[in-house]
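Colleague: I should like to go through this structure and hear the grounds for each term applied to it. May we begin with how its elements are counted?

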Amino acid sequence: MHRRQKPSAPEHKRDLAAHGGALPMSHNDTRSFFNFSQLVLSAGHLKAPPVLKHSKITYFEVEILDMQSKKQICIVDKVPPSSTLLDVKHKFHKACPQWYPSRVGLQLERNGPYLKDSINIQSLAVSSIITLYFTDLGQQVGWTTFFLTEYTGPLLIYLLFYIRLSTIYDQVESTKNFRHPVVHLACFCHCLHYIRHLLETLFVHKFSGGHTPLKNMIKGCAFYWGFTSWIAYYINHPRYTPPAFGHRQVSFAALAFLMCEAGNHFINVTLAHQNHSGSKACFPSPTYNPFTWLFLLVSCPNYTYEVGSWISFTVMTQTLPVGIFAFLMVIQMSLWAQKKHKLYLKRFYPEVRRKAAMIPIIF
């Protein structure tokens with residue numbers, strides 16, 4: 001008898017396949033088939049979709065205390081991190097309608113400086129609760145209103161004295177006395193100065209929308225209006241005497257006055273154009289205009305020209321009130337120039353370090 005040999009595994013598989021039989025699969029073959037089927041089923045989305053995570057926005061609570069009594073006035077809740085201090089002031093105004101945003105002064109510390117409206121509230125946060133101290137800044141006015149009121153007064157007041165109202169001067173003396181040409185020239189120069197200021201306030205200067213206390217406007221108006229009345233009374237008085245050196249002194253002083261007025265205007269236009277265009281990365285540079293070349297010597301040439309105008313007006317009219325006013329303007333402008341010069345040194349040290357603030361060598 002011939003012993004039947006057991007077919008080999010490959011031959012057995014081929015026979016089963018030829019007769020349509022199912023091949024028994026081993027454990028490894030089953031696992032491979034399972035992995036392959038999973039790959040086919042997931043072919044449409046090979047990459048699993050990301051799990052959406054709901055980000056939690058952290059809101060802040062702003063506790064507002066009275067600076068004097070340290071008593072709590074209110075709590076402004078649900079303040080987003082992207083909010084500014086101005087947004088907090090608007091919400092504070094809704095809670096306390098008697099204090100509108102421009103009247104609210106907020107401080108991080110009791111004796112600290114007032115915080116700017118543009119500051120981000122997240123930069124002040126140490127925890128979820130931010131404590132700020134409130135100060136009532138009083139009634140506020142816009143900067144445009146401030147300057148228009150301050151400069152309109154001197155313009156109108158001087159003209160009232162120039163026409164020599166009977167309630168101001170003796171009517172008989174006003175009709176008899178001859179007016180020296182310098183009186184008419186002084187009126188023209190004085191009006192030109194304040195008309196320039198008014199036009200620049202409306203069309204040149206770019207105000208950021210800030211406010212100033214009403215009491216500051218009252219102080220400024222009292223200063224400018226009061227000195228204008230004193231100056232105009234002397235220059236337009238029927239007994240006014242012309243300058244000692246006559247026509248030559250008046251002519252040179254008037255020419256210097258007009259040059260300073262032109263220089264002041266061109267400097268203001270240059271500064272306004274630089275700020276408006278957003279180019280704040282460098283110190284204002286002189287242009288092709290010769291009046292702007294003063295930037296090479298001083299950091300605040302607009303104050304230099306302003307002082308030059310009043311010194312020229314003093315020489316032209318040769319009156320004591322104008323001299324006192326010019327002296328006070330020199331002091332005030334030098335203080336403003338020094339303060340501005342320090343800010344320039346912090347921001348543009350290499351370009352400003354060899355410049356004077358207002359007048360070369362002196363200031």
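Modeller: Helices are DSSP runs of H or I with at least four residues, and strands are runs of E with at least two. By that rule the protein chain has eleven helices and six strands. Please bear in mind that this is a predicted model.

Colleague: Why is His190 called buried or exposed, whichever applies?

Modeller: The term buried requires under 20% relative accessible area. His190 has 2% relative accessibility, and therefore it counts as buried. His190 is placed in helix 6, residues 181-203. Apart from neighbours within four places in sequence, its contacts are Pro154, Tyr158, Thr228, Trp310 and Phe313. Across the protein chain, buried residues make up 37% of the 363 residues.

Colleague: What makes the pair Asp117 and Lys89 a salt bridge?

Modeller: The criterion is a side-chain nitrogen of Lys or Arg within 4 Å of a carboxyl oxygen of Asp or Glu. For Asp117 and Lys89 the N to O distance is 2.6 Å, and the side chains meet in a salt bridge. Asp117 lies in the loop between strand 3 and strand 4, whereas Lys89 belongs to helix 3 (residues 85-95), so the pair ties together parts that are 28 residues apart in sequence. Asp117 has a relative accessible area of 32% and is therefore partly exposed, while Lys89, at 5%, is buried.

Colleague: How do you know that Asp136 and Arg103 also form a salt bridge, and which parts of the chain do they link?

Modeller: Their side chains meet at 2.7 Å, N to O. Asp136 is in strand 4 and Arg103 in the loop between helix 3 and strand 3, 33 residues apart, and the pair links these distant parts of the chain. With 35% relative accessibility, Asp136 is partly exposed; Arg103, with 23%, is partly exposed.

Colleague: What makes Glu261 part of a network?

Modeller: Glu261 forms a salt bridge with Arg196, with the closest N and O atoms 2.7 Å apart. The pair links distant parts of the chain, Glu261 in helix 8 and Arg196 in helix 6, 65 residues apart. Both Glu261 and Arg196 are buried. Salt bridges link Arg196, Glu200, Glu261 and Glu306 in a network. The structure holds five salt bridges.

Colleague: How do you know that strand 4 pairs with strand 1 and strand 3, and in which sense?

Modeller: Pairing requires at least two bridges between the strands. Strand 1 (residues 60-66) and strand 4 (residues 129-136) have six bridges, in the parallel sense; Glu61 has Ile129 of strand 4 as its bridge partner. Strand 3 (residues 104-107) and strand 4 have four bridges, in the antiparallel sense, and Gly105 stands opposite Thr135 in strand 4.

Colleague: Which helices supply the nonpolar surface patch, and why is Tyr234 called partly exposed?

Modeller: Helix 7 (214-235) and helix 10 (320-347) each supply at least two residues, and the largest share, seven residues, comes from helix 10. The patch covers about 950 Å², and its members include Trp230, Phe327 and Trp336. Tyr234 lies in helix 7. Partly exposed denotes the range between under 20% and over 50%; Tyr234 has a relative accessible area of 41% and is therefore partly exposed.

Colleague: What does the UniProt record add?

Modeller: The unreviewed entry annotates residues 141-161, 216-235 and 319-337 as "transmembrane region". In the model, residues 319-337 are 95% helix and 0% strand, with end C-alpha atoms 27 Å apart. Residues 141-161 are 90% helix and 10% strand, with end C-alpha atoms 29 Å apart.

Key: Residues numbered from 1 in each chain as written. Predicted model: local features only at pLDDT ≥ 70, side-chain atom pairs only at ≥ 80, totals over all residues. Heavy atoms only, no water. UniProt positions renumbered as here; feature names shortened; annotations may be inferred. Patch = residues over 30% accessible without salt bridge, like charges linked within 9 Å, V, L, I, M, F, W, Y side chains within 5 Å. Areas by Shrake-Rupley, 256 points an atom, 1.4 Å probe, with all protein chains shown as cover. Buried < 20%, exposed > 50% of the residue type's maximum accessible area, 1.4 Å probe, protein only. Contact = heavy atoms within 4.5 Å.
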